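Grab your viewer and work through these exercises one at a time. Try each task before reading its solution.

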Amino acid sequence: MGDAFFNEAETGLMCAERHLERAGYARFLEIRLMIEGDQLQTVLPPREDLIGNVNLPALHGGVLGSLLDVTASLALVYHAVLTNPPRLVNIDVDYLRTGRVLQTFGAAEVVRMGRRAANVRARLWQDDPERPIAVARAQFLLPQRGV
Amino acid sequence: MVLEENDPGPGISVLLPGHPRLANDESDQVFHTGAILAIIDNTAGWCIRDHPDYVEGTSMATLDLRVDFLRRISLTQTLRVRAECEAINDNVAFVRATAEDAESGLVVAAGLATFMLGTPSGLEPKIGPV
């Protein structure tokens with residue numbers, strides 16, 4: 001107890017929900033959280049102002065990239081029960097399919113978590129989890145004890 | 001987000017003033033990395049239309065985008081994103097983009113993207129120079 005970094009009373013879900021609430025940009029996108037088994041999932045509701053291509057129509061690639069960022073970050077917060085948010089160093093997004101104007105789901109896997117940095121892989125899908133529409137790998141700096 | 005029409009450099013540049021809905025976290029009041037990524041993606045796509053080999057009306061889809069976040073930037077500042085299409089070959093456009101603090105010029109993020117260009121919208125398929 002008394003440790004600001006690892007607070008035993010807090011669960012990963014509580015930390016993830018608080019980070020989501022405090023992030024104005026994630027709130028603007030109306031990203032929500034849900035738990036599937038032992039996995040944290042994100043949900044982005046479809047919205048007309050998130051369309052990047054009006055002819056198809058398709059969700060904006062930048063918004064999908066943002067969702068991958070938020071998904072990777074919150075998965076890390078959830079698994080490591082981080083009180084302070086990790087900081088994104090870089091992200092590499094591959095766009096695989098058109099993001100249709102549907103609900104978009106996200107999930108991420110912490111590949112490696114060291115003392116200072118973590119590597120996370122995230123993916124997004126819509127109606128079929130086996131058909132991802134975008135994937136990403138991201139490097140995060142972890143919050144340091146006492147900072 | 002506004003296009004800077006009098007930008008002297010190659011490619012294009014846009015300005016995005018800070019706003020609470022772009023916030024990373026209530027406590028730090030800096031731009032969210034996701035918001036920076038989104039405006040880089042957007043500007044990178046726009047700058048392709050500025051390239052001489054771009055055929056007007058061609059659709060485009062981001063294939064991949066990598067962004068390095070070099071430093072954080074306060075929401076009291078304005079972000080300037082510059083993007084330049086380096087080449088369009090075999091319907092793939094290669095773009096480099098940077099986001100900087102519009103006041104100090106310090107680079108905040110650096111991005112590298114490729115886009116797949118589709119057929120021009122309209123009835124007649126247009127054939128480019130051989």
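## Exercise 1: The largest pocket

The largest pocket has 32 lining residues, and those nearest its centre are A:G52, A:N53, B:M60, B:A61 and B:T62. Keep in mind that this is a predicted model.

**Task.** Work out which elements supply at least two residues of the lining of the largest pocket, and how the lining divides into nonpolar, polar and charged residues.

**Solution.**
- Step 1: start with the space itself, a volume of about 780 Å³.
- Step 2: go through the elements on each side. Chain A brings in β3 (51–53), β4 (58–59) and α3 (61–80), while chain B brings in α1, β3 (58–69) and β6 (107–120), each with at least two residues.
- Step 3: look for the largest share. That's β3(B), with six residues.
- Step 4: sort the lining by character. You get 14 nonpolar, 15 polar and three charged residues.

## Exercise 2: The second largest pocket

**Task.** Do the same for the second largest pocket: which residues lie nearest its centre, and which element gives the largest share of the lining?

**Solution.**
- Step 1: the space here comes to about 590 Å³.
- Step 2: 34 residues line this pocket, with A:P85, A:P86, B:N24, B:D28 and B:R72 nearest the centre. Two or more lining residues come from each of α1 (12–22), α3, β5 and β8 of chain A, and from α1 of chain B.
- Step 3: α3(A) has the largest share, five residues.
- Step 4: by character, the lining splits into 18 nonpolar, eight polar and eight charged residues.

## Exercise 3: Salt bridges

**Task.** The whole structure has eleven salt bridges over all chains. Take A:R27 with B:E26, A:R100 with A:D127, and B:D68 with B:R66, and say where the partners sit or how exposed they are.

**Solution.**
- Step 1: A:R27 and B:E26 pair up with an N to O distance of 3.8 Å. This one crosses between chains: A:R27 is in helix α2 (residues 24–28) of chain A, and B:E26 is in the loop between β2 (12–17) and α1 (33–48) of chain B. Partly exposed means between 20% and 50% relative accessible area, so A:R27 at 46% fits that class, and B:E26 at 45% does too.
- Step 2: A:R100 and A:D127 come to 3.2 Å, N to O. A:R100 sits in the loop between β5 (87–95) and β6 (104–113) of chain A, and A:D127 in the loop between β7 (117–125) and β8 (134–141), so their bridge ties together parts 27 residues apart in sequence. A:R100 is partly exposed at 38%, whereas A:D127 is exposed at 59%.
- Step 3: for B:D68 and B:R66, the closest N and O atoms are 2.8 Å apart. Both land in the partly exposed class, B:D68 with 25% and B:R66 with 27%.
- Step 4: check for shared partners too. A:E30, A:R47 and A:D49 are joined into one network that way.

## Exercise 4: Into the nonpolar core

**Task.** Find the residues that touch the most other members of the largest nonpolar core, then decide whether B:I36 is buried or exposed.

**Solution.**
- Step 1: the core holds 77 residues, and A:I91, B:I36, B:I40, B:I48 and B:L79 touch the most other members. α3(A) gives the most to this core, twelve residues.
- Step 2: zoom in on B:I36, found in helix α1 of chain B. Its relative accessibility is 3%, and buried means under 20%, so B:I36 is buried.
- Step 3: list the contacts, leaving out residues up to four places away in sequence. B:I36 touches B:F31, B:F69, B:I73, B:L79, B:A99, B:V108 and B:A109. With the same exclusion, B:I48 touches B:Y54, B:M60, B:C85, B:I88, B:A93, B:V95, B:F115 and B:L117.
- Step 4: put this in context. In soluble globular proteins, nonpolar side chains tend to be buried together.

## Exercise 5: Chain B as a whole

**Task.** In what order do the elements of chain B run from the N terminus on, and what percentage of its 130 residues is buried?

**Solution.**
- Step 1: count one helix and six strands, then read off the order β-β-α-β-β-β-β.
- Step 2: buried residues make up 46% of the chain's 130 residues.
- Step 3: among contacts in chain B with a separation of 6 or more, 65% link residues 24 or more positions apart.

Definitions and conventions
Residues numbered from 1 in each chain as written. Chains lettered and ligands numbered in written order. Predicted model: local features only at pLDDT ≥ 70, side-chain atom pairs only at ≥ 80, totals over all residues. Heavy atoms only, no water. Salt bridge = Lys/Arg side-chain N within 4 Å of Asp/Glu carboxyl O. Helix = DSSP H or I, 4+ residues; strand = E, 2+ residues; numbered from the N terminus. Buried < 20%, exposed > 50% of the residue type's maximum accessible area, 1.4 Å probe, protein only. 1 Å grid on protein atoms, 1.4 Å probe; cavity = no way out; pocket = protein on both sides within 12 Å on 5 of 7 lines; lining within 4 Å. Points joined across faces, edges and corners; volume = space filled by probe spheres on them. Nonpolar A, V, L, I, M, F, W, Y, C, P; charged D, E, K, R; others polar. Core = buried A, V, L, I, M, F, W, Y, C linked by side-chain atoms within 4.5 Å. Contact = heavy atoms within 4.5 Å.
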